[in-house]
Amino acid sequence: MTDPNTRRDHPIIACASLAALTVGCLVPFLDKAFHIDDTLFLWTAEQILREPVDFFGFEVHWELAFRPMSAINKNPPLVSYYIAAVAAIVGWSERALHAAFLIPAVALVLGTYTLARGMTSRPYVAALITLFSPGFFVSASSVMSDIPMVALSVWAAVFWVTGLERDDHGRLCVAGILIGLATLTKYFGITMVPLLLVYTVARLGSAVSRAVYLAIPVLMLLGYERLTVELYRTGLFSDAASHAVTSGPMAGSAFLEKALTGLSFIGGCVAPAACFAPMLLSRPGWIAGLVASGLTAALLHAMASFGTLRLTGADGINFSGLAHSVVFVAVGAYLTALAAREPLTRKDPESWLLCCWVLGTLLFASFVNWTTNARTVLPMIPAAGILLARRLDWVLPATEPRFAWRTYLPLVPAALVALTVGWADYTLADCQRSAVRRLQTHFTASDHGVWFEGHWGFQYYMQRVGFRPLDFRKTDLNPGDTVIIPTNNSYPVPLPFDAARLTRTVRVRPLGWLSTMQAPLGAGFYSDDLGPLPYAFGTVGPEEYLVCTITRPLAAGEVLARIHRNSVSPRAPKNR
């Protein structure tokens, strides 16, 4: 533990300023359009207001056809209950719901500060690193379960650590309940059980006498599993766990690529680590880092492609994509090495806690979950912030006042990066809302034969104004019908050329030089299916929404059958 005599911050003032800074940074994003899987949480909240117990008891059009929500939503419903409670009071507007989610965002930053107070002389810096990490910043402007889950997990760690310090069984009990609530917010929360078991063994030499409190979240999860079996004939936790590992074991190049992708997402999502690197690395560290970066560049060049990102080809080397990849992987590797060596240099229980927190999240995000994305990396950000603050303690002693101002300088570029990435995602989300408004000038929801493809926020706004999603397994299309296809979306299904004609393209421009979701740049913040980078700088084209007119009868199922025979899309008439 860090000597409390080296701390110069006043906790009340520090917490108040951190809360104000967090709110101040996120308030400009309150009007952000609902985006990606926000839609699933909102629909579940609407169902809860109708049937409070039967939270997943309805069908939803997702993944091309209508299916039970219990088969689609791989998250427990606690956040949707929160949304339902807020919406019942203040309504369903973006501003109202995003304002409600400022509470867990502030709780996460303050939880990081409180946990860091016992581990570093610079807890304020650790909290600011968390706040100005792009992974946190973008996630905090959503209404998904990620930020609430991590906030509950961090506060569970706070109560557990202080409970062990003071031998306070009440605090240990609260920690167990908070882990249970985190798990019912997002299943990843249950990983706090083994994590805190490791910490307890490292601190006390045994966890037997305290294990009863960590049984609380396990029992809560088992109770939820039993409830969902009775409601939906399957245990939803076990179903989600099975879904997460459907890709199966990997070997060789696939394993290497997933490892590099995991490091890339860590490096991009915890960008403050790059800003602090000049201050934290010793000369041997710089030499080792430059050598490792050179080897990484050579490896990626030899691979020719990194996930969906093409690095070499007929047009030569993609220097921008290569530079992004090398920098992000290098920063991710540095954080991983920092976590791995922490127990070797510090030799305290907190070192084991932080090490397992970071490395465990990395392994899950890279090799266990069905996709690597910023949302799976998010849980490690508070631990990474504390690790960097502890490294600062080692390099720049807090007892020397002349070093104090230097520790805040790297946070300036870190904040600029986080704000810029947040704004890029804001403009991307707004494209879907704006596109729906523009489409309403050409069509009305009462028009017969107007359908749309795609999901995420685009589907939420299209259905909210009355447009109908196209069910490829049940819907027959007739001549004169219209199908609207968003190109940068989930499941945009190509239509056969002999049955459809492209009649109009609606274009809406996001931020033009940075994107969180752009396959040509390799940016896949929400899924590495789009790219191995959480975000990327470069030329960003407009979001396109294709309006296609059906020219001959198209029976339900025919489109899917043609996909299997490699049919082409009306978006590329040159291949006709």
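**Exercise 1.** In this predicted model, decide whether His 98 is buried or exposed, and describe what surrounds its side chain.

*Solution.* Begin with the accessible area: His 98 has a relative accessible area of 3%, and a residue counts as buried when this value is under 20%, so His 98 is buried. Next, place the residue in its element, which is helix H5, covering residues 94-100. Then look for residues that touch His 98 while leaving out those up to four places away in sequence; this gives Phe 29, Leu 30, Lys 32, Phe 34, Ser 141, Ser 142 and Val 143. Finally, examine the polar atoms, where a polar atom of the His 98 side chain is found 3.0 Å from the backbone oxygen of Lys 32.

**Exercise 2.** Find out which residues of the largest nonpolar core touch the most other members, and which helix gives this core its largest share.

*Solution.* The largest nonpolar core holds 169 residues, and those that touch the most other members are Ile 83, Phe 136, Trp 160, Trp 357 and Ile 484. Helix H21, residues 411-439, supplies the largest share of this core, namely 13 residues. To see one member in detail, take Phe 136 and set aside its neighbours within four places in sequence: its contacts are then Ala 105, Leu 108, Val 109, Thr 130, Leu 131, Ile 147, Leu 378 and Ile 381. A second core, separate from this one, has 17 residues, including Leu 64, Leu 470, Phe 472 and Leu 477.

**Exercise 3.** Describe the second largest pocket by its volume, its lining residues and the helices that supply them.

*Solution.* The volume of the second largest pocket is about 660 Å³. Its lining has 25 residues, of which Leu 281, Gly 285, Gly 289, Ala 330 and Tyr 334 are the closest to the centre. Three helices, H15 (272-280), H16 (283-303) and H17 (319-345), each supply at least two lining residues, and H17 gives the most, with 10 residues. Sorting the lining by residue type yields 18 nonpolar, five polar and two charged residues.

**Exercise 4.** Explain why helix H22 can be called largely enclosed by the rest of the structure.

*Solution.* Helix H22 spans residues 456-464, and because seven of its nine residues are buried, the helix is largely enclosed by the rest of the structure. The buried residues can be listed in order along H22 as Trp 456, Gly 457, Phe 458, Gln 459, Tyr 460, Tyr 461 and Met 462. Just after H22 comes Gly 466, which takes a positive phi of about 105 degrees.

How values were computed
Residues numbered from 1 in each chain as written. Predicted model: local features only at pLDDT ≥ 70, side-chain atom pairs only at ≥ 80, totals over all residues. Heavy atoms only, no water. 1 Å grid on protein atoms, 1.4 Å probe; cavity = no way out; pocket = protein on both sides within 12 Å on 5 of 7 lines; lining within 4 Å. Points joined across faces, edges and corners; volume = space filled by probe spheres on them. Helix = DSSP H or I, 4+ residues; strand = E, 2+ residues; numbered from the N terminus. Nonpolar A, V, L, I, M, F, W, Y, C, P; charged D, E, K, R; others polar. Core = buried A, V, L, I, M, F, W, Y, C linked by side-chain atoms within 4.5 Å. Buried < 20%, exposed > 50% of the residue type's maximum accessible area, 1.4 Å probe, protein only. Contact = heavy atoms within 4.5 Å. Polar contact = N/O pair within 3.5 Å; in protein donor to acceptor, adjacent residues only side chain to side chain.
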